[in-house]
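Got the viewer open? Let's take a walk through this structure, one selection at a time.

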Amino acid sequence: APTPGASVTGRARGRADGSVLLPMLGSVPATGKTTGELEEELAKRLRASPENKDGLLNEPGVVVSVSEYRTVSVGVKGAVNQPGLHELRSDQRTVMAALSAAGGIKSERGAREIRVIGVDADGQTVTHTLGVMLDEIPLSDIALTGGETIVVEPPAERQFSVIGLVKKNGNFEYPAPRRYNLLQALATAGGVDEIAAPRYATIYRRRIDGSVCAATFRIDGLNLTSGSNITIKDGDVIAVEHTAGSYMRQFFSQVLGFRANLSATSSNTL
């Protein structure tokens with residue numbers, strides 16, 4: 001009978017079919033099991049082993065440790081900090097582990113989606129697409145077998161639009177990691193119309209659910225904290241629209257300008 005308190009230490013190499021060959025127990029499947037699960041399985045098998053002729057009063061304590069992991073290679077490219085081929089241990093063959101090995105997704109760009117390109121049992125190319133939350137957190141994770149290519153697609157270049165009483169209407173590039181406030185965005189559009197001198201600007205922004213919200217801020221210098229503290233986001237539309245005051249200022253400027261031009265022309269004719 002086994003001596004109480006005695007311990008036995010052994011080493012076994014994993015086989016191609018995912019099993020390990022152990023004394024007294026023979027072939028034991030190990031694929032997909034954690035070390036804890038394998039310890040529990042081995043303890044039960046040892047307790048019931050035919051070699052245990054005199055029987056054990058209790059299940060033996062079993063400690064399993066991995067001295068060397070089998071590794072596989074996967075390629076990671078796109079918006080990651082360290083693109084290239086990366087080795088993954090057999091217990092870490094997932095997309096999340098591959099992204100971690102590649103230094104993570106670039107924080108200044110983020111990601112629009114993640115594509116995992118591999119080959120199925122029939123040799124056909126298979127692509128899985130994973131969504132991304134907050135530009136850097138995959139919404140799901142999948143297991144890898146090795147040889148896959150993971151492509152981290154960056155989002156489209158950011159931009160915002162300015163329309164209305166500004167010197168240059170249009171779309172403006174907004175490359176990461178720049179952060180403009182409302183006044184800086186208006187300056188990018190050449191500034192506001194000096195004659196109309198508008199005092200308000202409205203930002204139209206699309207919510208996650210697709211609806212559009214609008215907020216109006218003062219920009220005439222009487223309350224700069226309003227316009228300077230709001231940060232412009234990708235896709236924002238800034239509208240500098242007429243108010244009664246700006247319309248009247250522009251109207252009188254045009255009328256007075258017309259009369260001055262008319263008077264100058266008449267004087268020259270005389």
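How many aromatic pairs does the structure hold? There are 4 aromatic pairs (rings of Phe, Tyr and Trp, the last by its six-membered ring, pair if their centres lie within 6.5 Å). Before you zoom in, know that this is a predicted model, where local features need pLDDT of at least 70, side-chain atom pairs count only at pLDDT 80 or more, and totals for chains, interfaces and linings use all residues. Residues are numbered from 1 along each chain as its sequence is written, and side-chain values use heavy atoms, with hydrogens and water left out.

**Stop 1: the rings**

Select Tyr174 and Tyr180. They form a stacked aromatic pair, 5.2 Å centre to centre with 25° between the planes (planes under 30 degrees apart count as stacked, over 60 as edge-to-face and the rest as tilted). Tyr174 and Tyr180 are both buried (buried means under 20% relative accessible area, exposed over 50%, partly exposed in between, with a 1.4 Å probe and protein chains only). Now add Phe160 and Phe172 to the selection: with Tyr174 and Tyr180 they form one aromatic cluster.

**Stop 2: the helix**

Next, pick residues 35–47. This is helix α1, whose 13 residues reach 18 Å from the first C-alpha to the last, close to the 18 Å expected at 1.5 Å a residue (the expected span is 1.5 Å times one less than the number of residues). Helices (H or I, at least four residues) and strands (E, at least two) are DSSP runs, numbered from the N terminus. Which residues of α1 are buried? Show the side chains of Leu38, Leu42, Ala43 and Leu46. They cover an arc of only 135° around the axis, so they sit on the same side of α1 (the arc is that of the directions from the helix axis to the C-beta atoms). Turn on β1 (19–22) and β2 (26–29) too, as they are among what covers those buried residues.

**Stop 3: the sheet**

Colour the strands and follow the order β4-β3-β8-β5-β6-β7: these 6 strands form an open sheet with mixed pairing (two strands pair if DSSP finds at least two bridges between them). β4 (84–89) and β7 (137–138) stand at the edges with a single partner strand each, so one side of each has no neighbour in the sheet.

Zoom in on β5, residues 113–119, which pairs with β8 (residues 149–153) in the antiparallel sense over 5 bridges. In that pairing, Ile114 has Val152 as its bridge partner. β6 (residues 125–133) is also antiparallel to β5, joined by 7 bridges, and there Ile117 stands opposite Thr127. β5 and β6 make a hairpin with 5 residues between them, and Gly123 in the turn has a positive phi of about 80°. Now look at the two faces of β5: Ile114, Val116 and Gly118 are on the covered one, while Glu113, Arg115, Ile117 and Val119 are on the uncovered one.

**Stop 4: two buried residues in strands**

Select His86, in strand β4. His86 is buried, at 13% relative accessible area. A polar atom of its side chain lies 2.8 Å from the backbone oxygen of Gln82. Leaving out residues up to four places away in sequence, His86 touches Val72, Ser73, Val74, Val76, Ala101 and Ala102 (contact means heavy atoms within 4.5 Å).

Finish at Glu153, in strand β8. Is Glu153 buried or exposed? Glu153 counts as buried, at 19% relative accessibility. Try drawing a C-alpha to C-alpha line from Glu153 to Ile105: these two are 48 residues apart in sequence and 9.9 Å apart in space.

How values were computed: A polar contact is a pair of N or O atoms within 3.5 Å; within protein, one must be able to donate a hydrogen and the other to accept it, and residues adjacent in sequence count only if both atoms are side-chain atoms.
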